[in-house]
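Dear colleague,

Please find the structure below, handed over for your records. My notes on it come after.

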Amino acid sequence: MADKKDYYQLLGVGKSSSSDEIKKAYRKLAMKWHPDRNPGNAEAERTFKELSEAYEVLSDDKKRRQYDQFGHDGLKSSFGPGGFDFQRDFTHAADLQDILGSIFGGGGLGDLFGGGGRRRSSNGPQRGADLRFDLEIEFEEAAFGSRREIALPLTEECGKCKGSGVKPGRSRETCRHCGGRGAVVSGGGFFQVRQTCPVCGGAGSIVTSPCSDCGGSGRVKARSRITLKIPQGVETGSRLRLAGKGEGGSRGGPPGDLYVVIHVAPHDVFERRDDDLFCKIPIPAHVAALGGDIEAPTTDGFAKLKIAPGTETGKVFRLRGKGMTNVEGYGRGDLHVQVIVEPPAHLNSRQKKILKEFAETVEAGNYPLAEKARERAQAFFEKKQAIRQK
Ligand SMILES: [Zn+2]
Ligand SMILES: [Zn+2]
């Protein structure tokens with residue numbers, strides 16, 4: 001090992017470099033020397049391995065200290081007498097996959113360094129998974145807030161076997177497929193593929209006498225009932241996070257979180273955009289003509305709306321502060337009420353007579369929209385006449 005290169009020199013960094021600088025330097029060089037970028041180039045492959053070794057040591061506080069104090073000899077306990085073995089000792093598969101992803105567009109190489117990084121955590125405490133629960137609520141619940149009891153399907157550690165999956169009194173047996181190593185190696189040359197053992201899933205051992213309650217999985221289905229407080233003002237897409245209400249952890253790990261994603265069902269009366277509400281209300285034609293008061297629905301009840309004589313269909317009234325309550329407490333939006341003029345239907349003979357009498361009195365200025373529309377059409381015909389045609 002006399003001619004082993006200095007790790008700092010290999011990466012081109014100083015002895016006092018931060019872990020960020022070291023990572024950056026490694027990424028840059030690994031990108032350059034990666035064997036997939038230099039097919040058939042033995043020097044690139046050797047350099048790449050040296051760089052990876054240097055990175056493995058300098059990115060690990062403990063190994064870096066050993067190296068700083070005792071040089072290459074200090075690492076014998078970490079790498080064994082044969083020294084660093086890329087397949088066995090390189091634990092930064094994830095960092096490398098980042099780099100590979102940026103070169104090769106991700107994917108494809110996912111299992112290349114499979115066992116190395118991940119295997120280590122598989123026997124320690126594991127945090128439970130975060131759960132997503134989609135909940136459809138009524139508009140009214142969003143407008144005023146509510147409480148809901150929801151039943152979450154989830155799995156938890158089996159009580160009978162304490163999560164081991166093994167029938168009480170029996171134990172796990174060494175996996176014969178991988179000889180207890182948890183990983184299998186296939187392929188040849190530098191790119192031997194190390195994969196998590198498909199038989200034991202990386203655990204190195206298997207359950208031969210499964211627990212009767214969980215069938216060997218160590219987890220059982222459970223239903224957890226949670227009372228959920230739906231805050232006033234939530235909207236479609238709002239996420240409510242319930243810390244610790246996700247899947248249970250395993251081997252003493254903490255549970256994950258629960259995210260409830262809100263979907264507000266469409267409503268017959270109100271439509272929401274941001275914190276504003278919109279509604280359309282028909283008003284009787286005679287009110288539109290003569291003016292008068294009508295009642296418009298708001299989330300607080302009916303509100304009186306003054307209709308001026310000659311109000312056209314489509315006119316929007318804005319009621320300030322009558323919209324939705326902002327979920328983060330920034331007050332309320334506005335309510336936009338659009339009126340639609342409704343012609344009277346099912347007229348009796350007296351009403352027909354009155355309307356006919358009215359019709360006979362119609363004069364210029366009674367129907368300004370119709371008059372304006374006619375004028376515009378007229379202008380169009382005049383221009384049509386005026387242009388020179390071939
Ligand atoms: Zn069990
Ligand atoms: Zn196995």
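The notes below cover the metal site, the cysteines, one threonine and two loop residues.

This is a predicted model, in which local features need pLDDT of at least 70 and side-chain atom pairs count only at pLDDT 80 or more, whereas totals for chains, interfaces and linings use all residues. Residues are numbered from 1 along each chain as its sequence is written, chains are lettered from A and ligands numbered from 1 in the order in which they are written, and side-chain values use heavy atoms, with hydrogens and water left out.

Metal site. The zinc ion (ligand 1) has as its protein donors Cys158 (SG), Cys161 (SG), Cys211 (SG) and Cys214 (SG), lying 2.3 Å from it. Donors here are N, O and S atoms within 2.8 Å of the metal (3.2 Å for Na, K and Ca); water is not among the atoms, so sites may look incomplete. The angles subtended by the four donor atoms run from 104 to 115°, and the arrangement is therefore tetrahedral (four donors with all angles between 85 and 135 degrees). For reference, the ideal angle for four tetrahedral donors is 109.5 degrees. Along the chain, the donors of the zinc ion follow the spacing C-x2-C-x49-C-x2-C.

Cysteines. Cys211 and Cys214 are both buried, a term that means under 20% relative accessible area, with exposed being over 50% and partly exposed in between (1.4 Å probe, protein chains only). Cys178 is buried at a relative accessible area of 1%, and Cys279 is buried at 5%. The structure holds zero disulfides, a disulfide being a pair of cysteine sulfur atoms within 2.5 Å.

Thr298. This residue lies in strand 12 (residues 292-298); strands (E, at least two residues) and helices (H or I, at least four) are DSSP runs numbered from the N terminus. Thr298 counts as buried because its relative accessible area is 8%. Its side chain reaches the backbone nitrogen of Asp300 at 3.0 Å, and a polar atom of that side chain lies 2.6 Å from the backbone oxygen of Gly301. Leaving aside residues up to four places away in sequence, Thr298 touches Phe270, Ala303, Leu319, Lys322 and Leu335, where contact means heavy atoms within 4.5 Å.

Loop residues. Asp274 is not a glycine, yet has a positive phi of about 50°. Asp274 sits in the loop between strand 10 (271-273) and strand 11 (276-284) and is exposed, at 64% relative accessible area. His346, also not a glycine, has a positive phi of about 50°. The loop between strand 15 (335-342) and helix 11 (349-361) holds His346, which is exposed at 80%.

Yours sincerely

Technical notes: Polar contact = N/O pair within 3.5 Å; in protein donor to acceptor, adjacent residues only side chain to side chain. Tetrahedral: all angles 85-135°; square planar, octahedral: opposite > 155°, others 65-115°.
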